[in-house]
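Subject: Structure handover

Hello,

Here is the structure I said I would pass on. My notes on it follow below.

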Amino acid sequence: MDVFQDTEMGSDNEDGEWGMIDRMRLWRHDALMQHLYETATFWGDKILSWTNDPNDAFWLAQTYFMTHQYARAERLLTRPFPAMTPKVHNAPLNGLEHGVVDDTTMGSLTADAKGKGKEGHPDTSLMLQLPMGDAGMMQIPEELQDSVSRLVDMSVACRYLAAQCQVRQGNWTDATEMLGEANPFRHSARSGPAVPNVDGGIKVEASMCHLRGILMLKLNRGDQAKLCFLEALTLDVKCYDAFDQLVSGEMMTPDEEWEFVQGLAYREQTQEDADFVQLIYTSQLRKYKHAEEHALTRRRLVEEFGLSDNPDVLFSFADALYAQFRWADCYAITTRILGLVSIHDSTMPLHIACMYHLNHLHSKLFILAHELVEREPENPISWYAVGVWYLASGKWPQARQYFSKTSLMDPRFGPAWIAFAHTFAMEGEHDHAVTAYSTCARMFTGSHLPLLFVGMEQIMLSNHLLADEALNAAYAACDGDPLLINELGVMAFTHGDYQRAADLFQRSLELAQVTQSSQMSWTTTYLNLGTCYRKLKNHEMAKTNYQRVLEIEPQHPQGLGYLGMVYHHLGEIDKAIVKYHEALSIDPINGHLIELLNLALESDLCCGSLEKVYPGGEEAFRAMMVSLKTKVFDASKKSKVDKPGAEVAMSVG
């Protein structure tokens, strides 16, 4: 099969017959390609015993790493080997994919590209003299110190692999020392975003920066982690892991994301594929702004690159729909994605959230959660789905338990932290909700949502100064979220600045129109805008907005009641009474509506044509009222029991 053959093997065969070591290197390579790791380990160990070659040691360490034998791989990488440089037969390639690389060039290799083929045999005179223990370098005879070295000191690839082993073992400090606090190649001549990799692959330098960022996260140094990921992606735009950490971890604001991704050195690093890499990265960004650019990006990915059924491109469509509160449409696309791949990490939170918002899908959410727990018990998203189902069922303590478990399994899983705080908010525990949202805001500094929710909770607690502070901070992070603009309008209304509140509500609706979001989600904003105009005595504009609410949701009780109030102010009492009755038919125990209806009826009775509503006309009605008041006054004088409430009730009537 072609996957196990290449032209290099053919050229080597022409040079002469292969020896035993050469054949075993081929066995080792094929065993790795066929996931026969024990076979690769067995033959690789024998090869190393014969050759003591650093390249063979590197590939044996790779095998140990693939089988999760991290301590064994680390020990092999940190033991002494002959400091020799065999002749390089091929052009320099990327050090991470191959054997031992020179520490200064970060790219040249000393082994065949795939760890197989014929190699020069090193001098084995030192083989039996080199100790194998952890303190091996200290035990080497003085006369041999200059002729031996550790693999991590000879090769950037080996140093990177050793650091990976230490990370897997939880040795954060040791791994940081292995990699360095900062990029040691930053100011070298062969480093920088404008310097492409020699073989067109991914730079080991960028991979090391990414791993350094992971370590900074483990050490709770989020700001430094962000800088490391930025540097990794700047050095090599192909390092998607760094991009994913920045975007999924919401380390940058939407504006920062956009500017950074659009400004990467695509042309300098991968000229032929620059357009595609830029487009696919752009499609993964958040959708609060640049709606037209995002739509054009998706269209080009579909039409020019034929990715209409690619899960990542479909996710971009779904994410845009979710940002527009179009739950049903988003759910249709996420269902398609999960039909293509059983688990898609970016899609699953959207899919689960849509099932939460669509009440008729709660039973499917229950089934999905059970299936995920059964198939993927080690995946945090499985327990997140369980928590969301409990949240949809109104079982806040159980939901909190599973969201907490999710965040313990993956501390960088943002939806679990937000949902954990939601459970407190829905339960009415606003102080605890503020604390949980604040913790989330500290972890995901590029997201405005935790600050927005803090502001909403402070409004519930009537802490208006703290609410203003949180909402303004959220606005500084993202000024394109219509929900945030709506909350700013609520605060302006609370402060009595009705004109500014009306402007903010109007802007919120304009942003919602730009994103083509579901109108049903913005009935409250139309209601708020109408109320601002009513406070400003602009009854015609108030009536227009209340009527818009009823166009979207004809059975909206507040919309009917407020429209009745506008008619009442305009003197159209009959229309006001009709609207009050319609509102009470939906919300029959609303005390405010009952009082407004009584006032309207009294106003209609007193100000309307009494000849139509009372026999004898106005004079007969007034005489009846005088007689009634006299009887009530006499009855109250004779009563021995003081009932102040009765008089008040009669006067109101």
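**Cysteines**

Cys478 is buried, since its relative accessible area is 2%. Please keep in mind throughout that this is a predicted model. Cys330 is also a buried residue, at 0% relative accessibility. The structure contains zero disulfides. Cys330 takes part in none, and the nearest cysteine sulfur to its own, that of Cys354, lies 3.4 Å away. A disulfide requires the two sulfur atoms to be within 2.5 Å, so a separation of 3.4 Å does not qualify.

**Overall make-up**

The protein chain has 36 helices and two strands. It runs to 653 residues, of which 48% count as buried. Its exposed area is about 32,400 Å², and carbon and sulfur atoms supply 55% of that. Taking contacts between residues at least 6 apart in sequence, 57% join residues at least 24 apart.

**Aromatic pairs**

The count of aromatic pairs is 21. One of them is Phe420 with Phe424: the ring centres are 5.4 Å apart and the planes stand at 85°, which makes the pair edge-to-face. Both residues belong to helix H23 (residues 414-427), where they are four residues apart, about one turn of the helix. Are these two rings buried or exposed? Phe420 is partly exposed at 23% relative accessibility, while Phe424 counts as buried at 13%. The cut-off for buried is under 20%, so Phe424 at 13% falls below it and Phe420 at 23% does not.

Tyr437 and Phe453 make up a tilted aromatic pair, with 5.3 Å from centre to centre and 35° between the planes. Tyr437 comes from helix H24 (residues 430-443) and Phe453 from helix H25 (residues 449-460), so this pair ties together parts that are 16 residues apart in sequence. Tyr437 is buried, with a relative accessible area of 2%, and Phe453 counts as buried at 15%.

Ring pairs also join Phe366, Trp383, Trp389, Tyr390 and Tyr402 into a cluster. Trp383 has a charged neighbour as well: Lys405 lies over the face of its ring, 3.5 Å from the ring centre. Phe424, from the edge-to-face pair, has Arg400 over its face, at 4.3 Å from the ring centre.

**Nonpolar core**

In soluble globular proteins, nonpolar side chains tend to be buried together. The largest nonpolar core here has 43 residues, and the members that touch the most others are Leu471, Leu529, Tyr546 and Tyr580. Helix H28 (residues 498-514) gives the most to this core, with seven residues.

Which residues does Tyr580 touch, leaving out those up to four places away in sequence? They are Gly561, Gly564, Met565, His568, Leu593, Leu596, Leu597 and Ala600.

Ala600 is part of helix H33 (residues 591-607) and is buried, at 0% relative accessibility. With residues up to four places away in sequence again left out, Ala600 touches His568, Ile573, Ile577 and Tyr580. His568 therefore appears in the contacts of Tyr580 and in those of Ala600. Ala600 and Ile577 are 23 residues apart in sequence, and their C-alpha atoms are 6.3 Å apart in space.

Regards

Key: Residues are numbered from 1 along each chain as its sequence is written. This is a predicted model: local features need pLDDT of at least 70, side-chain atom pairs count only at pLDDT 80 or more; totals for chains, interfaces and linings use all residues. Side-chain values use heavy atoms; hydrogens and water are left out. Buried means under 20% relative accessible area, exposed over 50%, partly exposed in between (1.4 Å probe, protein chains only). Rings of Phe, Tyr and Trp (its six-membered ring) pair if their centres lie within 6.5 Å; planes under 30 degrees apart count as stacked, over 60 as edge-to-face and the rest as tilted. A charge sits over a ring if NZ of Lys or CZ of Arg is within 6 Å of the ring centre and within 35 degrees of the ring normal. Contact means heavy atoms within 4.5 Å. Accessible areas come from the Shrake-Rupley method with a 1.4 Å probe; for residues, only the protein chains shown count as cover. A nonpolar core is a set of buried Ala, Val, Leu, Ile, Met, Phe, Trp, Tyr and Cys residues joined through side-chain atoms within 4.5 Å.
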